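Student: Please take a close look at one part of this model: the surroundings of the ligands. Then tie that part to the rest of the chain.

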Amino acid sequence: MCNENEIELNRQKEYIEKCRTYTAAFQVEHGRAPRACVVTFGCQMNARDSEKLTGILKEAGYELTGAEEEADFVLYNTCTVRDNANQRVYGRLGHLNSLKKKKPYLKIALCGCMMQEQAVVEKIRKSYRFVDLIFGTHNLFRFAEFLSDSLASEDMVVDIWDETDKIVENLPVERKYRYKSGVNIMFGCNNFCSYCIVPYVRGRERSREPEEILGEIERLVEDGVVEVMLLGQNVNSYGKNLEHPITFAQLLRRVDQIEGLRRIRFMTSHPKDLSDELIQVMQHSPKICRHLHLPLQAGSDRILEAMNRRYTKEQYLALVEKLKHAIPDISITTDIIVGFPGETSADVDETIDVVRRVQFDNAFTFIYSPRTGTPAAAMDNQVPEEIVHENFDRLLSVVQETAKQRAALLEGKVMEALVEEVNEQDPAFVTGRLSNNMLVHFKADRRLVGKFVMVKLDHCHGFYYTGRMVDWLSQTKHTRLGKMVDNQWLN
Ligand code: 5AD
Ligand code: SF4
């Protein structure tokens, strides 16, 4: 870790101390610690950022709550990839305003991608004046400083950076799950797909040093983590701009060697950058999960070109063919946008053709949302809403049909699942995740959360299974778990 990082980290620690004086005074006045609620919108990157923000709040002396009504500090970590994400934030801010009227000392803070848009910040300054603190994606590591400034001020504190080349390592983190964790390997995106706002709000691609990533994963494993999800907007271009360049496949090889780590996931992969080297590493590593999220976005060459995706329908299909040949049990999921400017029903037929031929295990389908500042938003051939909806429904029914067919193929099979949580509806059941990312619900002791078990997938219900744990002997045989550890859990 370089000196500059340590200086910044120490600065932030001093601000955490300052915040602690505030939280201690709050405790004296109210007879309890102040409570903070962090609400996350959007993707896995945001979820990981929220764990860092929560870590800082906890160190600063806040107790955490999931209920905004109970909180003395509310932080929205926002998303702006589609307009409905923005609208949800504005809607919820209205509710926060009414809470603040009842509790004037309530502090309201906003951060994340939406705050990197100038128009949004102006709107909040003008029409949502009860907000206390706004910061962006590039200076999130300074949260302790902003929090301390805001606690000492009656005015709205606003600090947004246009860009950064900094990556601050080793901030405090409060993980949501003890047995699995996201790990950022890179930030930003250089691809500029013509519909996408991410490169504007998350900045240029910056990769973390491999040693930092491996060190973080090793510490996580020591702390009980068995599964990591390597995160980046385009993981396949990881490492290209480092002083000592390294490929994503090479990084994966090194992560694979970490003892005690059982499962490795990653997202998101851009089809144009997915290398043969990566396919080989996946093929030979039992730790890398049999799942690849490979956004298609559209199946028509004309639309793909207008989207600036830099691959054709045939190239995408050939890549999938190669993947399935090398890793026959791989599950492939995707993202698709419907209603990109100029898209006709014939273009959507091409997309549907790809869905049928690839047989995606799942596809997230989105209606195109114009984002101010992106090239697509300025295109004059925006598609009328009724046509978009008609095409969207057509696509969705094929997506659902093929996903169901794929899921049905595993019915009756015995597979390894990582138990993730106790079922909300019935506490006698738990939910496990298979290597292919599908979920299975089955009866089991809650103490198995965080453990690997073998489960028979009795029934397929489209997007999930119900099943049962198979007998103890085959379980120990298959899961390679220390017997003592498991005996302790099961007795
Ligand atoms: N409109 C609709 N969907 C979008 N996505 C990104 N930008 C837009 C937009 N402007 C989708 C893409 C991407 C996923 C995260 O969000 O499918 O893969
Ligand atoms: Fe957006 Fe394209 Fe970058 Fe993904 S690869 S974040 S869709 S610009």
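Tutor: Start with one cut-off: a residue counts as buried when its relative accessible area is under 20%. By that rule, 56% of the 491 residues in the chain are buried. Keep in mind that the model is predicted.

First, the frame. The chain has 15 helices and 19 strands. Its C-alpha atoms fill a box of roughly 65 × 60 × 50 Å along the principal axes. The radius of gyration is 24 Å, which agrees with the value near 23 Å for a compact globule of 491 residues. Contacts reach far along the sequence. Of those with a separation of 6 or more, 74% join residues 24 or more positions apart. The chain exposes about 22300 Å², and carbon and sulfur atoms supply 49% of that area.

Now ligand 1. Around it sit V81, R82, Y195, Q297, D335, I337, F366, I367, Y368, S369 and R371. By class, that makes 6 nonpolar, 2 polar and 3 charged residues. Two strands stand out: β13 (331-338) and β14 (362-367) each supply at least two residues of this shell. D335 and I337 fall in the β13 range, and F366 and I367 in the β14 range.

Which shell residues make polar contacts with ligand 1? R82 places a polar side-chain atom 2.8 Å from a ligand oxygen. D335 does likewise, with a polar side-chain atom 2.7 Å from an oxygen atom of ligand 1. S369 uses its backbone instead: a polar backbone atom there is 2.8 Å from a nitrogen atom of the ligand. As for cover, ligand 1 taken alone exposes 400 Å², and the protein buries 85% of that.

One shell member deserves a check of its backbone. Q297 has a positive phi of about 70°, although it is not a glycine. Most residues other than glycine have a negative phi. Q297 sits in the loop between β12 (291-293) and α10 (301-306). It counts as buried, because its relative accessibility is 7%.

Move to ligand 2. Its shell holds C189, N191, F192, C193, Y195, C196, V198, P199, Q233, H270 and R309. The classes are 7 nonpolar, 3 polar and 1 charged. Y195 appears in the shells of both ligands.

H270 leads from ligand 2 to a neighbouring piece of the fold. The side chain of N236 reaches the backbone nitrogen of H270 at 3.1 Å. N236 belongs to the loop between β10 (227-231) and α8 (248-256). Q233, from the ligand 2 shell, has a number between those two elements as well. N236 is buried, at 9% relative accessible area. Leaving out neighbours within four places in sequence, its contacts are F248, S269, H270, D273, L274 and L278.

Next to S269 in sequence is T268. T268 lies in the loop between β11 (263-267) and α9 (276-284). The peptide bond from M267 to T268 is cis, with omega near 10°. Most peptide bonds are trans.

C189 and V198 point to another buried spot. Both are in the ligand 2 shell, and both touch G203. H138 and G188 touch G203 too, with residues up to four places away not counted. G203 is in the loop between α6 (198-202) and β9 (206-207). It counts as buried because its relative accessibility is 7%. A sequence offset need not be mistaken for a distance here: G203 and R262 are 59 residues apart along the chain, and their C-alpha atoms are separated by 33 Å.

Finally, follow β13 from ligand 1 to the β16–β17 loop. S331 falls in the β13 range, and N436 is in contact with S331. R290, H291 and L410 are further contacts of N436, neighbours within four places aside. N436 is in the loop between β16 and β17. N436 is buried, at 8% relative accessible area. In space, N436 and M379 are 38 Å apart, C-alpha to C-alpha, with their positions 57 residues apart in sequence.

N437 belongs to that loop, between β16 (429-434) and β17 (439-443). N437 is partly exposed, at 28%. Like Q297, it has a positive phi without being a glycine. The N437 value is about 80°.

Technical notes. Residues are numbered from 1 along each chain as its sequence is written. Chains are lettered from A and ligands numbered from 1 in the order in which they are written. Side-chain values use heavy atoms; hydrogens and water are left out. A residue is near a molecule or strand if one of its heavy atoms lies within 4 Å of it. Ala, Val, Leu, Ile, Met, Phe, Trp, Tyr, Cys and Pro count as nonpolar, Asp, Glu, Lys and Arg as charged, and the others, Gly among them, as polar. Helices (H or I, at least four residues) and strands (E, at least two) are DSSP runs, numbered from the N terminus. Buried means under 20% relative accessible area, exposed over 50%, partly exposed in between (1.4 Å probe, protein chains only). A polar contact is a pair of N or O atoms within 3.5 Å; within protein, one must be able to donate a hydrogen and the other to accept it, and residues adjacent in sequence count only if both atoms are side-chain atoms. Contact means heavy atoms within 4.5 Å. Accessible areas come from the Shrake-Rupley method with a 1.4 Å probe; for residues, only the protein chains shown count as cover. The radius of gyration is taken over C-alpha atoms; the globule rule is 2.2 Å times the number of residues to the power 0.38.
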